[in-house]
Amino acid sequence: MSKIHIGVIGCGVISDLTVWGYRENERARIVAVCDSDKSKAEAKAGEWKADKVYTDYRQLLADKSIDAVEIITPHHLHCTMAVEAARAGKHISVQKPMACTVAECNQMIAAARSANIILRVNDPFVFYPPIVRAREMIEAGEIGAVSMVRVRTTVGSMECGWYVDPSAWVWRFDKERSGGGNMLDDMHHKFAVALYLGGDVEKVAAFIENREYFVDAPATVMWKYKADQRYGVMECVHASDMYIKTKYYNCEERFEITGSRGILWVTRCTGQLMDIPPLIMCRDGETRGYNDIPAEWEEGFKGSNRHFIDCLLDGSTPHLTGEEAIKVMQFALSTYASDDSQAAINPETIS
Ligand SMILES: NC(=O)c1ccc[n+]([C@@H]2O[C@H](COP(=O)([O-])OP(=O)(O)OC[C@H]3O[C@@H](n4cnc5c(N)ncnc54)[C@H](O)[C@@H]3O)[C@@H](O)[C@H]2O)c1
């Protein structure tokens, strides 16, 4: 097989960015599009030059011309759709979070195993080039032994770079359909990056305000990595009257990794608050900015889907596997368990 034929299920807000890495990829082609809203499916099929339009995902799954599916629907549908896709023999890329509960994730992994298909969870942040470069530099020992990973997120006012249809908020406010609040939604990306940069986590403690309204902010999360003498902290703030310069969501992120020899900063992802290099290293008394790295937020999306196609065609293991994505889910869900119990939680106990 030299080209993967993709069926996309879900044509909402994030679908355009998600499919970019298929549309500009000579090893992939989007052949079919499905949304329960026919007008959305037809519009996207036209834009993405797909031959077929479905409103019932089961019909798309029965389509023999499709090798793999990209699932971009509300969280409560991820498990059912992925399990059925596996039974139909399709490889699966499913948007983060993998599902609403760890039990659902286990069902998805079991279905993928018994069908012998590839299942991966699509979290584009871990493919964002400044973050990828930061990890390469950590692995090369550039800042010595890492002892702290700091993650900051500021959610700004509703005014943002693109239009978010109100329907994309309705299911998020309903815990039955979203599985939780922002810790399981946008913050999933940040937990995935924290694991990507620092390894597995031993315990998590969190204080979270405004959980009843999805916002989950202001919040502070701290954790101890399994690696010796390594910790992490995360802040999530809702600056409701602050305009954040961005082409995308009203969100601004920064990462700071401190090692025994120096400090690395990733200075942007979704937003562009500071006009400084996307990656900076401070070491040996010198501060060096890296401007040679593609830093548009969409680069993570492109990289993530190019990676999925390469894994399918070359037989390599994708990031995030189902097992890796469960660790991200457990990390995110343990913040709620800690806030409830006011105790530190071992994420592996979240089932
Ligand atoms: N990677 C990122 O940065 C990022 C950003 C935003 C959203 N997401 C994830 O993408 C997914 C979708 O989020 P969104 O913001 O695009 O949501 P959305 O509400 O805008 O889109 C969901 C789409 O699914 C369709 N849909 C609902 N039920 C369906 C069904 N039974 N069959 C077919 N289609 C159905 C809806 O009509 C809608 O068009 C979620 O998992 C979300 O967490 C990821």
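Strands here are DSSP runs of type E with at least two residues, numbered from the N terminus. Keep in mind that the model is predicted.

**Exercise 1. Find the strand that holds Lys-224, then decide whether this lysine is buried or exposed.**

Step 1: Lys-224 belongs to strand S9, which runs over residues 219–225.
Step 2: Recall the cut-off, since buried means under 20% relative accessible area.
Step 3: Lys-224 comes out at 16% relative accessibility, so it counts as buried.
Step 4: Now look at who it touches. Skipping neighbours within four places in sequence, the contacts of Lys-224 are Val-201, Glu-202, Lys-203, Arg-230 and Tyr-231.

**Exercise 2. Work out which class of exposure Glu-42 falls into, and which helix it sits in.**

Step 1: Glu-42 is part of helix H2, residues 38–48.
Step 2: Partly exposed covers the range between under 20% (buried) and over 50% (exposed).
Step 3: With a relative accessible area of 42%, Glu-42 is therefore partly exposed.
Step 4: For a distance check, take Val-53, 11 residues away along the chain from Glu-42; their C-alpha atoms are 6.2 Å apart.

**Exercise 3. List the buried residues of helix H6 and say what follows the helix.**

Step 1: Helix H6 spans residues 129–139.
Step 2: Its buried residues are Pro-129, Pro-130, Ile-131, Ala-134, Met-137 and Ile-138.
Step 3: A handy rule for reading such a list: an α-helix has 3.6 residues a turn, so residues three or four places apart point the same way.
Step 4: After H6 comes Gly-141, with a positive phi near 80°.

**Exercise 4. Check whether the chain is as compact or as extended as the globule rule suggests.**

Step 1: For 351 residues, a compact globule would have a radius of gyration near 20 Å.
Step 2: The protein chain has 20 Å, so the two agree.
Step 3: The C-alpha atoms fill a box of roughly 60 × 45 × 40 Å along the principal axes.
Step 4: As for burial, 56% of the 351 residues count as buried.
Step 5: Among contacts with a separation of 6 or more, 68% come from residues 24 or more positions apart.

**Exercise 5. Describe the stretch covered by the annotated N-terminal domain.**

Step 1: An unreviewed UniProt entry annotates residues 4–122 as "domain: Gfo/Idh/MocA-like oxidoreductase N-terminal".
Step 2: Over residues 4–122, helix makes up 41% and strand 24%.
Step 3: The end C-alpha atoms of this stretch lie 17 Å apart.
Step 4: For context, the protein chain has 11 helices and 14 strands.

Conventions. Residues are numbered from 1 along each chain as its sequence is written. This is a predicted model: local features need pLDDT of at least 70, side-chain atom pairs count only at pLDDT 80 or more; totals for chains, interfaces and linings use all residues. Side-chain values use heavy atoms; hydrogens and water are left out. UniProt positions are given in the numbering used here, feature names are shortened, and annotations may be inferred rather than shown by experiment. Helices (H or I, at least four residues) and strands (E, at least two) are DSSP runs, numbered from the N terminus. The radius of gyration is taken over C-alpha atoms; the globule rule is 2.2 Å times the number of residues to the power 0.38. Buried means under 20% relative accessible area, exposed over 50%, partly exposed in between (1.4 Å probe, protein chains only). Contact means heavy atoms within 4.5 Å.
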